[in-house]
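Q: Please take a close look at a single part of this structure and explain how it is placed within the whole. A formal, connected account for a reader new to the structure would be welcome.

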Amino acid sequence: MTPPALTGERSESPAAHPRTARAQAPPEARRRRFRGLVTITLFLLPALVLFTLLVLVPIAVAGYTSLFKWNGLGGLPTQFIGLDNFTRMFGDEIFLGDLWRGLILIVLSVTIQLPLALGIAMLLNQKMRGRAVYRMLFFAPYMLSEVITGVLFTMILSPDEGLANQVLGAVGLESLESEWLGNPSTVLVSVFIVMTWKYFGFHMILYLAGRQGIPKELGEAASIDGASAWEQFRYITLPLLGPTIRISVFLSVIGAIQLFDLVWVLTSGGPIHSSETMAVTMFQFGFKRSQVGYGTAISVVMFLISLIFALGYQRYVLRRDTEGAITTMRDQR
Amino acid sequence: MNTHRTRARRSGVLLRSVSLQTLVVVLGALVVVPLLFALVGGFKDTAQLSTNPFGLPSPWAPENYTDVLASGVFWRQILNSVFIALATTLVVVGLSAMAAFVFARFAFRGREALYTLFTVGLMFPFTVAILPLFVLVRTMGLLDNPLGVILPQAAFGLPMTIIILRSFFRTIPREVEEAATIDGCTAFGFFWRILLPMARPALATVSVLAIVASWNNFFLPLVIFTDPNWWTVPLGVQQFSGQYVSDTAKVLAYIVLAMVPALAFYGVAERQLIGGLTAGASKG
């Protein structure tokens, strides 16, 4: 017989079971139950303490601090101003601009970056020479830190000796040369190009993994029935990749909402805020301008936007998937 | 079948496969060219970069690279990054394995609620919590202390690590556990001597993910470390590029050398990394 602690029981109503057992448990069983509880506590406590102290507490503190005007010095904020930080935000052109720019980056990612990654994944899924090398190559930028990527592209996009303008000049397209990162009208697109360079390989890997889960027989059967390559992709591969695509869109949107490192290194949000994101604005106010209360309020809004998006996405988009990102939270097997 | 049609079809297929191949090559070039530009550019001097952007360096100037390699600062940053990555991994994988063991193999009231609490943590990246986290770390007196980066990194890594490990621990058959218990194995004995060795592939996967996340982390060290002695590679790269803003070639050499550990690690741990990322995305 196994002691109750080590039942290895799956999710069969864990809540109902202990109460009835405790009522008529003989002393021997009670002692074992106690030992089980000790084990559970000892194994769970370290992770729980660390998580509470450094993840949950800061989130709670953020909620609290966002209601104050605070320069970040001294023990705790004292000047309570209610929701003023939040109302201020919705009259703050920089913040409203952040929302707009975030939306642009999301739309560009979903309509350009992800289809590109999907296309390449489909190509690399076919038999072709050097497939493994290409896969490794396309994924390599994802391994580089945002800072290295950012610094590299600051140089490539720099107006004078930058590679981008040099190439354009060499092929006779001087008219397209630009101060990529220095010009408010091109900076956001430039940031997006760098994002694509860095992240599309990650999405490609997800699609490749998803594609490998689709049985070959389906394609073969369709091809016998006379389906063209495009029809096979459109009516077989694409629908069956649905769960992967939905997850990849989710990760891409969340990443765009919380984008910081790359923008900070490339432009610090400039020129004149034209590439600023919510996270950059938050950092500016919190660490550079000593308006910690306002900065924290921005991070709270950023969190709420992510949360609402995640819950809505889970409710309306991911619910179709039997198993996928964050659905596991709800339906435990 | 009509031979004409077959031939036409075959040449169509050939044409398409050639054009697709070309497309892949072009896209591959777009990925490689920036990296090659950095690698080759590091061997030029900055004047050459603008007069001779595409050709090979003439003369080759290895000083940019050798200067970096000879500087203690660069190695110090590598060492800091390695130390912080390893310590973070040890903490996050150790604590997550213990918690995942309980979540996977014990039944108790409130288990699912606690587990959900951890999974909700996936929604909080550093970005959202950075200001209060900074204040907290400052209150604990851990600014300019590696623990000020290691512990928060480990804490934020817990959700993903616990999720991946729990689902792996659940696949280990119950019979293994029963046999161990009959042989007089305690819960801890089972965890330490049987479960962990069996879970080696999953542990490798989550360790690789933790190492990469720590290695590339920028935001947290940026606010915690003001003392250059603790700077990690990303901070060093940012600082160096600011200091030598007009000496492009020097900066290129620096970032190329800073890329090497990450790319080498990718070469060694590709399988775990890709497996972990796809598992993380589909289970997270």
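A: Of the 333 residues in chain A, buried residues make up 41%. The model is a predicted one. Chain A has 15 helices and 2 strands. Among its contacts with a separation of 6 or more, 66% are between residues 24 or more positions apart.

The part chosen for a close look is helix 13 of chain A, which spans residues 278–288. Of its 11 residues, 8 are buried, so the helix is largely enclosed by the rest of the structure. A residue counts as buried here if 20 or more other C-beta atoms lie within 10 Å of its own. The buried residues of helix 13 begin with the run Met278(A), Ala279(A), Val280(A), Thr281(A), Met282(A) and Phe283(A), and they also include Phe285(A) and Gly286(A). An α-helix has 3.6 residues a turn, so residues three or four places apart point the same way.

What encloses this helix comes from both chains. The cover over its buried residues includes, from chain A, helix 4 (93–125), helix 12 and helix 14 (292–316), and, from chain B, helix 6. In chain B, helix 6 covers residues 126–139.

The surroundings in sequence deserve attention as well. Ahead of helix 13 is a loop that joins it to helix 12 (261–266), and His273(A) lies in that loop. His273(A) is not a glycine, yet its phi is positive, at about 65°. With 18 other C-beta atoms within 10 Å, His273(A) is partly exposed, because this number falls below the 20 needed for a buried residue. After helix 13 comes Ser290(A), which has a positive phi near 50°.

Helix 6 of chain B, part of the cover, leads to a comparable detail in the other chain. The loop between helix 6 and helix 7 (147–169) of chain B holds Asp144(B). Asp144(B), a residue other than glycine, has a positive phi near 55°. It is partly exposed, with 14 other C-beta atoms within 10 Å. Further along, helix 7 of chain B contains Ser167(B), a partly exposed residue with 17 other C-beta atoms within 10 Å. Ser167(B) and Ala104(B) are 63 residues apart in sequence, while their C-alpha atoms are 7.3 Å apart in space.

The contact between the two chains takes 79 residues from chain A and 76 residues from chain B. On the side of chain A that touches chain B, the largest share, 17 residues, comes from helix 2 (residues 27–65) of chain A. By type, the residues on that side of chain A are 54 nonpolar, 19 polar and 6 charged.

Finally, the confidence of the prediction should be weighed. For the complex, the predictor gives an ipTM of 0.86 and a pTM of 0.83. Chain A has an average pLDDT of 81, with 88% of its residues scoring at least 70. Within chain A, residues 1–22 have a pLDDT below 50, although this stretch has 32 contacts in the model beyond near neighbours in sequence. Residues 322–333 of chain A also stay under 50, with 24 contacts beyond four places in sequence. Where pLDDT is low, the predicted coordinates should not be read in detail. Chain B averages 86, and 93% of its residues score at least 70.

Definitions and conventions. Residues are numbered from 1 along each chain as its sequence is written. Chains are lettered from A and ligands numbered from 1 in the order in which they are written. This is a predicted model: local features need pLDDT of at least 70, side-chain atom pairs count only at pLDDT 80 or more; totals for chains, interfaces and linings use all residues. Two residues are in contact if their C-beta atoms, placed from the backbone, lie within 7 Å. Helices (H or I, at least four residues) and strands (E, at least two) are DSSP runs, numbered from the N terminus. Ala, Val, Leu, Ile, Met, Phe, Trp, Tyr, Cys and Pro count as nonpolar, Asp, Glu, Lys and Arg as charged, and the others, Gly among them, as polar. A residue is buried if 20 or more other C-beta atoms lie within 10 Å of its own, exposed if 12 or fewer, and partly exposed in between; C-beta atoms are placed from the backbone. pLDDT is the predictor's confidence in each residue, from 0 to 100.
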